[in-house]
Amino acid sequence: MAVKEEGDTSQQGKKSRSRLILRLGALLVAHSGLVSVVCCAAGIIAFILLPVLANNTYISENALMPGSADPAFSSQEVLDANRLTMDILNRGAAKASGIEIAKLLREYIVAVGAESYYHKFVPRANKFHPLHFFSSTTDNLDLPANPSCGSFILNAVGIIRAPRGDGKETIVLVTPYNSQNTTYSDAVSLGIGFSIFSLLSHVTWLAKDIVWLAADSRYGEYTTVDSWLKDYHGPAFPGETSRIVDDACFEENNSDSLDHIKVEGHNSYVYKRAGTMAAALVLKVVDKKEEERDSLSIYAEASNGQMPNLDLINIAHYLAVHRQGLRVKIGSIIYFLKASWVKLLGEMLQHITTLAKRLNPKWKFDITSADYVEGTATLASSIYYQALGVPTGSHGAFRNYQVDAVTLEFSPRSSLNNENVRSAFLLKTGRLIEGVIRSVNNLLEKFHQSFFLYFLTAPHKYVSVGIYMIPFGILIAPLPIVAAALFSSNNGSSNKDGSWKWLQAAKVVFLIHLWAMITSLLPYVLLQLPLGTPSSFASAWAAVAICFLLITYLILWSSSIDCGWELLKSVMIVAAAIGLSLMSVINFSTAQIGAMLIVPMCLLVKPARKQTQGVFAKALMLTSNLALLVVAFPPAALLIAKTLFGASGNIDIGDFWEWAQILWSWNSATYMYLLWIHLPCWVLCLNIFLYPCIGSSSKA
Amino acid sequence: MAALCRRFTGFHFLLVLVSLSISSLVFGDWIGDDEGEQFTEELLLKPLPDRKVLAHFHFQSTAHPSPDSGHHHHLFPKAIAQLVQKFQIRDLELSFTQGRWNYENWGGSDPISSTNAKPPGVELWATFNVPVVEIDTTWKNLTHALSGLFCSSINFLESSTSYTTPSFVFGLNVSNIRYGALPREAVCTENLTPWLKLLPCRDKAGLATLLDRPSIYKGYYHSQKLRLTSTKLSGIILEQTLTIVLQPNIQRNSAHSLLDGAIQPSWSISSMFKRNLTGSCVLARTSRILVELEKNIVSKLEELGHGGSWSNSLLDLSPNPFRVIKEVNPFPEESNSILFEYVNSKEYEPLDVGIKWKLPFVWSSPHAPFHASRFLMGSGTERGSIAISLQSTKSDEYFRSKSNECRMQAVVFQVVPWYVKVYYHTLQIFIDQKLQNLSDVIEKIRVTPSEDKKLPGTLELVLGYPCTVQSVALTLDFDKGFLHIHEYPPDANQGFDIPSALVTFPNLHSSRIYIGDDSSVHSPLLLKFQEKNVVLSYTEVLLVPFTTPDFSMPYNVITFTCTVLALYFGSLLNVLRRRIGEEERLMRSKDATKRGLIPLIVSKITSKLRGMPRSKPLLIFAVVLSVLFHYIVN
């Protein structure tokens with residue numbers, strides 16, 4: 001048979017023998033346009049559907065056993081809390097010195113029979129250093145030459161050693177307060193912190209040590225907590241802190257207030273530690289009025305979108321809702337709560353899901369419109385804070401040391417000045433915190449059972465990494481396909497020396513990326529210059545960057561024209577795909593938001609002068625290209641977001657500088673993404689858009 | 001193992017009963033004989049500054065070397081005698097500890113703390129009388145024997161990764177010593193029961209009746225110790241001590257009760273142990289209770305004008321003691337601690353020793369000159385550092401006695417498991433926060449580097465520095481090793497333990513001298529106090545977080561391997577069933593050029609890409625695919 005039909009079936013025989021996967025690949029590449037439209041649409045739709053796909057949270061680690069024991073936090077502890085609150089307010093009113101409260105707290109800590117010491121430090125501003133991304137900066141040695149007396153911060157720290165424990169692990173409680181301007185809620189939160197501490201000092205079930213840090217947040221609570229943690233994990237040898245601080249400094253200013261410290265002796269400044277940290281809780285009380293119930297807000301986002309283990313949030317939520325009857329809130333973006341298009345979408349989804357349920361009752365995609373709107377708003381805030389890469393509170397400092405931490409912010413139903421309201425409120429919050437600590441205390445291993453990569457769409461609903469990766473994967477899937485298609489089409493058209501032409505395109509792409517990298521490092525140089533305002537910094541930055549870009553283009557002009565826009569686009573798309581994939585590992589949210597902007601732009605961009613058949617098609621292409629180019633430019637995107645989410649006020653160019661400053665001072669990977677991946681991609685797209693369509697490159 | 005032990009317990013109990021009755025009947029007159037076996041029981045009670053009470057039980061059994069008696073003993077536990085005989089033990093110390101000794105509040109330089117403050121978990125060291133080559137085998141067998149005897153996992157010390165040979169830390173410069181510690185071993189009643197079984201009266205009579213399990217395990221520190229010394233001259237001496245720190249019941253009115261200078265809680269034996277003490281163990285040669293008042297209390301008493309009285313305006317000791325024993329120390333101007341002795345002999349009337357405090361009073365325990373602590377530095381799962389710091393406690397007694405030129409010696413003994421890879425060359429020593437030249441500070445050093453899966457790393461170091469130094473700190477960098485999945489212990493996600501380091505101060509001794517001739521007192525406990533014990537302190541156990549694999553990983557690996565195998569066999573079959581001759585003929589008939597397999601496939605594909613013959617799109621596609629694949633896999 002083979003011999004007979006040899007001649008006419010040779011083509012078919014070849015085809016049938018090639019592998020299926022290769023044939024499929026070829027098919028995809030051949031229909032790249034359709035594939036990219038379908039994938040983009042599917043990716044964005046799947047992303048919008050995430051609130052529908054969210055699962056209910058559950059406590060994954062069995063050892064936690066939240067709420068299995070009756071809380072021992074009683075009215076006795078409430079009295080303790082009240083007494084400390086009153087003491088703080090009285091003393092705070094009498095003297096406004098920074099160390100008065102720390103001294104008082106230490107007295108209280110010693111009174112319950114716990115160890116205690118003062119932690120002293122000088123706050124330093126976080127400077128931009130290009131080489132310090134992803135590394136915890138430990139520049140302990142560059143102390144200011146002559147620190148002034150007022151710049152020291154004094155924290156009181158108490159340690160309970162677990163009676164029968166081996167002291168290997170510890171649970172940290174942090175209560176931030178402002179020593180200069182102590183508010184009533186600050187005093188109440190210190191009261192709660194102390195009452196829990198005094199309760200834990202005589203319980204029998206303690207297996208891990210307890211450390212209570214009353215953090216003076218005069219210069220920001222993150223700074224204080226971070227500095228304490230740095231000393232905890234660093235070589236802060238006994239006596240070092242006391243050496244740094246000249247005692248004379250304190251004697252001059254507050255000779256009488258330090259008498260007590262002097263009496264207690266030298267040891268009160270010796271830094272003490274207590275084992276490896278298992279978890280940390282930051283407690284805060286905010287005196288804002290709630291509608292119907294006392295409420296608890298949970299903040300969990302740490303730097304670069306890192307989250308604590310979901311179990312920690314779960315136990316706090318479980319105890320708050322099912323034991324103490326608090327309302328649990330997590331951050332949500334108000335714009336989405338009010339936007340009518342979200343509501344419309346929610347109603348549509350509600351209809352679809354009810355229809356789907358009628359078809360098959362086993363399907364569990366059941367969502368009401370209100371749920372969807374709230375889920376979207378919460379998810380948006382979750383994504384936003386993770387993408388920003390800036391921690392939402394001092395719990396972020398713990399994540400740098402692989403410690404799971406959350407901030408629990410309590411707000412009462414009505415004013416705390418009312419005695420009864422305050423007692424009930426203290427009882428609830430105290431029991432909740434006791435329960436959380438007891439659960440963590442039960443834990444034999446560190447948190448590892450539950451998720452670390454997730455978004456929250458409600459306090460009890462989460463979207464895990466397995467689900468949210470799918471829309472992202474679908475979204476960036478067309479990039480390699482389109483790159484391959486462009487490449488092959490270009491190679492087909494020019495046969496002479498086209499095989500190495502892509503190297504020229506790669507050179508262009510590489511140099512633009514290099515330019516972007518230099519731009520990202522420019523602030524380090526600019527900061528050395530005596531430029532006054534943020535706006536002058538920003539304009540200088542922009543000017544220098546544009547100058548460099550122009551120089552790059554002078555060098556590249558010939559080769560960028562030579563290689564043709566299709567090859568340039570194909571290499572650019574490959575670079576963008578690699579960059580997005582890498583970024584999705586580092587900080588998924590940034591990659592997701594970036595992909596929604598970059599992917600359509602990369603796929604759609606075409607030279608403006610390119611001939612197209614219809615006038616309408618050309619106009620559509622032009623406008624969409626222009627719109628995407630404007631939206632994907634980072635400063636423009638920031639402006640649009642600002643106006644959209646209702647931030648009023650005039651927009652200043654200095655805002656961009658300040659914004660960038662926030663990003664790099666928190667070591668946010670978003671800064672690197674924006675300048676290393678997003679910006680060069682945008683520049684290249686602009687380049688393609690303005691491409692002078694001459695020579696062999698344009699192909700109808 | 002517990003079940004096994006319980007069965008043995010029952011059997012043993014019978015034996016003990018039988019032997020008890022026999023011994024009390026037949027050898028009743030023989031017990032007091034100095035030549036034979038002896039048993040003494042003593043209890044030391046001591047109020048501690050942080051409102052707690054220390055109770056130290058001391059039981060001592062001796063068996064004189066008597067070749068005639070052979071394998072038979074009257075009082076001495078046969079199990080121990082056999083152990084000594086079988087393994088040729090010269091010295092052995094085994095301690096089970098729960099909780100941490102608080103060196104700041106409970107004292108750091110008195111005899112109790114220097115001999116009975118132990119690291120959490122199990123610690124065992126022993127010296128043998130056997131040739132050097134047999135020591136390791138003897139040690140392994142000994143760990144198994146002890147493991148069975150005390151119902152615990154001492155047999156984990158059998159592996160060569162868990163024990164070490166210190167050379168000069170224990171003061172004995174011998175090569176036949178072995179040391180091992182299990183910091184994670186939990187200590188409970190199942191370890192206490194076999195320990196009690198070694199006593200001739202068990203806990204049926206005498207001081208051991210006080211050992212009410214709920215009360216003693218509710219304490220803040222619990223350390224049961226077994227110390228064996230065996231010499232040709234004196235025979236076998238078995239000391240069993242139980243050191244517990246208890247909190248007397250106090251009415252907790254408010255957290256502020258201490259701030260207001262509240263009175264120390266009053267306590268008595270019956271209130272602390274929830275048992276009454278009636279009579280002694282009839283087999284015991286002596287049975288006495290001692291109450292110690294520390295010198296800081298005594299100095300206060302002297303200030304108030306009641307020197308050694310037990311009933312005064314500050315406190316009330318009841319009942320009246322049998323004897324008062326005073327300490328003598330080299331500085332006559334200072335006050336000394338006082339011991340009040342009670343003899344436990346009355347059978348019908350319970351001896352309820354107790355202290356009633358009348359005035360609020362705060363004092364402090366004698367500290368060791370330096371407080372040792374240890375901590376981990378750094379974060380992440382790759383590397384870190386261990387830091388040991390010695391902080392001066394400014395205990396003036398020591399400094400007053402010495403001139404300015406005095407030099408302090410500190411011996412640091414640190415055993416590190418092999419998976420914590422310590423780089424000993426990174427040793428840095430800071431004295432008063434200044435980095436020191438190592439050769440200036442180190443007087444003697446011995447390092448045994450760890451060997452993967454074979455040997456733990458051991459560091460022994462003698463530091464010499466002036467007494468006036470405020471703080472000394474040592475740092476050592478380490479890398480965290482990778483382990484095989486089967487090498488992870490249970491609960492691997494908790495992290496790994498580094499056993500306590502031991503810091504000793506060889507030129508400081510915690511010996512005490514008491515007035516009164518020894519013949520009248522004849523208390524093994526007081527003799528113990530008079531020994532020259534080196535002041536030492538154990539540091540905290542450290543928990544090093546490690547990278548742990550996903551323990552479901554084997555499943556993934558299996559599925560992955562199976563996929564690869566399936567693919568492999570699929571293509572192998574494909575190749576085998578292919579008719580190569582046929583294909584070759586086909587190729588020859590076409591004008592197929594001599595190209596390799598890959599270019600052939602590549603050209604086939606690219607020709608299909610809209611008839612374009614080059615291979616670049618495939619390359620790009622493959623690169624992007626592989627990146628995507630890698631990303632998805634991770």
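Helices here are DSSP runs of H or I covering at least four residues, numbered from the N terminus. Keep in mind that this is a predicted model.

**Exercise 1.** Find the helix that holds Leu554(A), and work out whether Leu554(A) is buried or exposed.

*Solution.* Start with the location: Leu554(A) sits in helix α21 of chain A. Next, take the relative accessibility, which is 73% for Leu554(A). The cut-off for exposed is over 50%, so Leu554(A) counts as exposed at its 73%.

**Exercise 2.** Work out which residues make the nonpolar surface patch of about 710 Å², and which element gives the most to the patch.

*Solution.* First, the members: Phe510(A), Leu514(A), Ile518(A), Phe548(A), Ile551(A), Leu554(A) and Ile555(A). Then map them onto elements: in chain A, α20 (501-526) and α21 (534-562) are the ones giving two or more residues to the patch. Finally, pick the top contributor, which is α21(A) with 4 residues.

**Exercise 3.** Pin down which residues touch the most other members in the largest nonpolar core, then list what Cys602(A) touches.

*Solution.* This core has 81 residues, and the best-connected ones are Leu479(A), Met572(A), Leu580(A) and Cys602(A). Helix α27 (residues 669-689) of chain A gives the most to the core, 14 residues. Now zoom in on Cys602(A), skipping residues up to four places away in sequence: its partners are Leu479(A), Lys569(A), Met572(A), Ile573(A), Ala576(A), Cys681(A) and Cys685(A). Apart from this core there's another, of 79 residues, including Leu75(B), Val122(B), Leu293(B) and Phe340(B).

**Exercise 4.** Describe the surroundings of Asp136(B): its helix, its exposure and its contacts.

*Solution.* Asp136(B) belongs to helix α4 (residues 135-150) of chain B. Its relative accessible area is 31%, so Asp136(B) is partly exposed. With neighbours within four places in sequence set aside, Asp136(B) is in contact with Tyr163(B) and Arg178(B). For a distance check, go 23 residues along the chain to Ser159(B): the C-alpha atoms of Asp136(B) and Ser159(B) are 9.9 Å apart.

**Exercise 5.** Say where UniProt puts the feature "transmembrane region" in chain B, and what residues 555-576 of chain B look like in the model.

*Solution.* The record, an unreviewed entry, gives residues 555-576 and 617-633 of chain B. In the model, residues 555-576 of chain B are 100% helix and 0% strand, with the end C-alpha atoms 31 Å apart.

**Exercise 6.** Sum up chain A by its helices and strands, buried share and accessible surface.

*Solution.* Count elements first: chain A has 27 helices and 11 strands. Of its 700 residues, 54% are buried. The accessible surface is about 29,500 Å², and 62% of that belongs to carbon and sulfur atoms.

Note on methods. Residues numbered from 1 in each chain as written. Chains lettered and ligands numbered in written order. Predicted model: local features only at pLDDT ≥ 70, side-chain atom pairs only at ≥ 80, totals over all residues. Heavy atoms only, no water. Patch = residues over 30% accessible without salt bridge, like charges linked within 9 Å, V, L, I, M, F, W, Y side chains within 5 Å. Areas by Shrake-Rupley, 256 points an atom, 1.4 Å probe, with all protein chains shown as cover. Salt bridge = Lys/Arg side-chain N within 4 Å of Asp/Glu carboxyl O. Buried < 20%, exposed > 50% of the residue type's maximum accessible area, 1.4 Å probe, protein only. UniProt positions renumbered as here; feature names shortened; annotations may be inferred. Core = buried A, V, L, I, M, F, W, Y, C linked by side-chain atoms within 4.5 Å. Contact = heavy atoms within 4.5 Å.
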